[in-house]
Amino acid sequence: MKKIVFSLLMLVPFGLVSCFSGASESSTEEIETQKMQQQVDSLYKKMSQAERVAQLYGIRSSEVVENGKLSLQKCREKIPNGIGHVCQYACALDLGPNELRDFVRDSQNYLINETPLGVPAIFYEEAIIGLAAKGTTVYPQQLGVACSWNPELATVNTEQTAEVMRSVGATLALSPMVDLIRTAYWPRIEESYGEDGYLSPAMGVAFIEGLQKNGLKDGVAACTKHFWGYGGGSSLTWKEIFEEVLMLHEAMIRLADCKVLMTSYGRFRSEHIIRKSKCSRVSK
C-alpha cells in the first residue's frame with residue numbers, strides 16, 4: 001500500500017510528478033526531487049490509516065454539489081479525511097467555465113484547510129476531443145485526426161485543450177487512447193487512431209507533447225490507455241502483441257514522458273486481466 005499511496009502523494013501536491021521518468025541529468029533537479037521525496041515521506045508518516053486509504057479513492061463531483069455549488073456539509077460527511085481525486089468532474093456538472101473553476105477552487109480550499117493534513121486532490125477529465133465540459137470546443141475524434149496523417153495537428157489541438165483544462169482547474173486528462181483496433185465493429189473505435197502500429201504511436205506522442213507542454217508548468221498530465229490488449233488486441237499473435245500493442249504504450253512513456261498509465265478492464269486471452277484470486281492474495 002505504501003508504494004501506491006506514495007505515488008499518489010507525489011502526484012497530488014507536487015504537480016503530478018512522473019512515476020516513469022528516470023533520474024534527472026541535472027544535479028539541481030535531482031536535489032529538488034530528493035527534497036520532494038522527503039516531504040512526501042514525512043507527510044506519509046503523519047497520516048492515519050484512514051487518511052492513507054482516502055488518497056486511494058476518488059469521488060464524483062455530483063456527490064458534493066448542491067444547487068450547482070460545492071456543499072461543505074456534504075464534503076464533511078463524505079470526505080472528512082480528504083480524497084485522492086475528483087473523477088470527471090466537468091462532464092458530470094451542468095456548469096459553465098467560471099462555475100467549474102469556482103467549484104475546483106472551493107473544493108481545494110476545503111481539502112487544504114479542513115482536512116487533517118491538507119492534501120489537495122487531482123481533478124481530471126476526458127480530453128480526447130477537447131475538454132469534456134459544457135460549452136467547450138469539440139475537436140475531431142482521434143480516428144478523424146489520424147486520417148489527416150498530420151501529427152502536428154494533434155499537437156495544436158491538445159495545446160489548446162491544455163489551456164482550457166488548466167483554466168478550470170484540471171491537471172490530468174484521461175487521454176490519449178492508443179489501443180490498436182483491428183475490429184471495425186468495436187464500439188469505441190472512434191476514440192482510437194485505428195489499426196496501424198506506426199501511425200497510432202506517432203499521433204499519440206504528438207497528442208501528449210501538446211497536452212504536457214513546458215513540463216507541466218502550463219500543461220496537463222496525459223494518460224495512455226488501455227494497458228494492454230483492450231479493443232481486440234489480446235487476440236493477436238504474441239509477436240504482434242509485443243511489437244505493436246505494447247510498443248504503443250512504450251512510445252508514450254519513453255518518447256513523450258506520459259505521466260500516467262491506465263490499465264485495461266477487459267479480458268485478455270478470455271481471462272480477466274486482474275483475477276480475483278490474485279487480488280485477494282495481494283490484499284493479505
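## A quick tour of the model

Let's start with a neat pairing: arginine 52 sits over the face of tyrosine 44, 3.9 Å from the ring centre. Keep in mind that this is a predicted model. The chain has 284 residues, and buried ones make up 46% of them. Its secondary structure adds up to 10 helices and 10 strands.

**How far to trust it**

- Averaged over the chain, the pLDDT is 85, and 85% of the residues score at least 70.
- Residues 1–24 have a pLDDT below 50, though this stretch still makes 56 contacts in the model beyond near neighbours in sequence.
- Residues 275–284 also have a pLDDT below 50, and beyond near neighbours in sequence that stretch has 1 contact in the model.
- Where pLDDT is low, don't read the predicted coordinates in detail.

**How the chain comes together**

- Take the contacts between residues at least 6 apart in sequence: 75% of them join residues at least 24 apart.
- Threonine 171 and alanine 221 give an example of two residues well separated in sequence: they are 50 residues apart along the chain, and their C-alpha atoms are separated by 6.1 Å.
- Threonine 137 and threonine 161 are 24 residues apart along the chain, with 8.5 Å between their C-alpha atoms.

**Aromatic rings**

- Searching the whole structure turns up 9 aromatic pairs.
- One of these joins phenylalanine 227 and tryptophan 228, with 6.3 Å from centre to centre and 40° between the planes, so the pair counts as tilted, the class between 30 and 60 degrees.
- Phenylalanine 227 is partly exposed, with a relative accessible area of 30%.
- Tryptophan 228, at 19% relative accessibility, counts as buried because the cut-off for buried is under 20%.
- Ring pairs also tie Phe227 and Trp228 into a cluster with Trp238 and Phe242.

**Cysteines**

- How many disulfides does a search of the whole structure find? The count is 0.
- Is cysteine 75 buried or exposed? Cysteine 75 is buried, at 1% relative accessibility.
- Cysteine 147 counts as exposed, because its relative accessibility is 60%.

**Three threonines in loops**

- Threonine 115 has its place in the loop between helix H5 (97–114) and E5.
- With a relative accessible area of 8%, threonine 115 is buried.
- A polar atom of the threonine 115 side chain lies 2.3 Å from the backbone oxygen of leucine 111.
- Setting aside neighbours within four places in sequence, threonine 115 touches Ile79, Pro80, Asn81, Gly82 and Tyr110, in the sense that it is in contact with them.
- Threonine 137 belongs to the loop between strand E5 (122–125) and helix H6 (142–146).
- Again leaving out neighbours within four places in sequence, threonine 137 is in contact with Ile129 and Gly130.
- Where is threonine 171 found? Threonine 171 is in the loop between helix H7 (151–167) and strand E6 (172–173).
- Threonine 171 counts as partly exposed, because its relative accessibility is 27%, and the partly exposed class runs between the 20% and 50% cut-offs.

Technical notes
Residues numbered from 1 in each chain as written. Predicted model: local features only at pLDDT ≥ 70, side-chain atom pairs only at ≥ 80, totals over all residues. Heavy atoms only, no water. Disulfide = S-S within 2.5 Å. Buried < 20%, exposed > 50% of the residue type's maximum accessible area, 1.4 Å probe, protein only. Phe/Tyr/Trp six-rings, centres within 6.5 Å; stacked < 30°, edge-to-face > 60°. Lys NZ or Arg CZ within 6 Å of the ring centre and 35° of its normal. pLDDT = per-residue confidence, 0-100. Contact = heavy atoms within 4.5 Å. Helix = DSSP H or I, 4+ residues; strand = E, 2+ residues; numbered from the N terminus. Polar contact = N/O pair within 3.5 Å; in protein donor to acceptor, adjacent residues only side chain to side chain.
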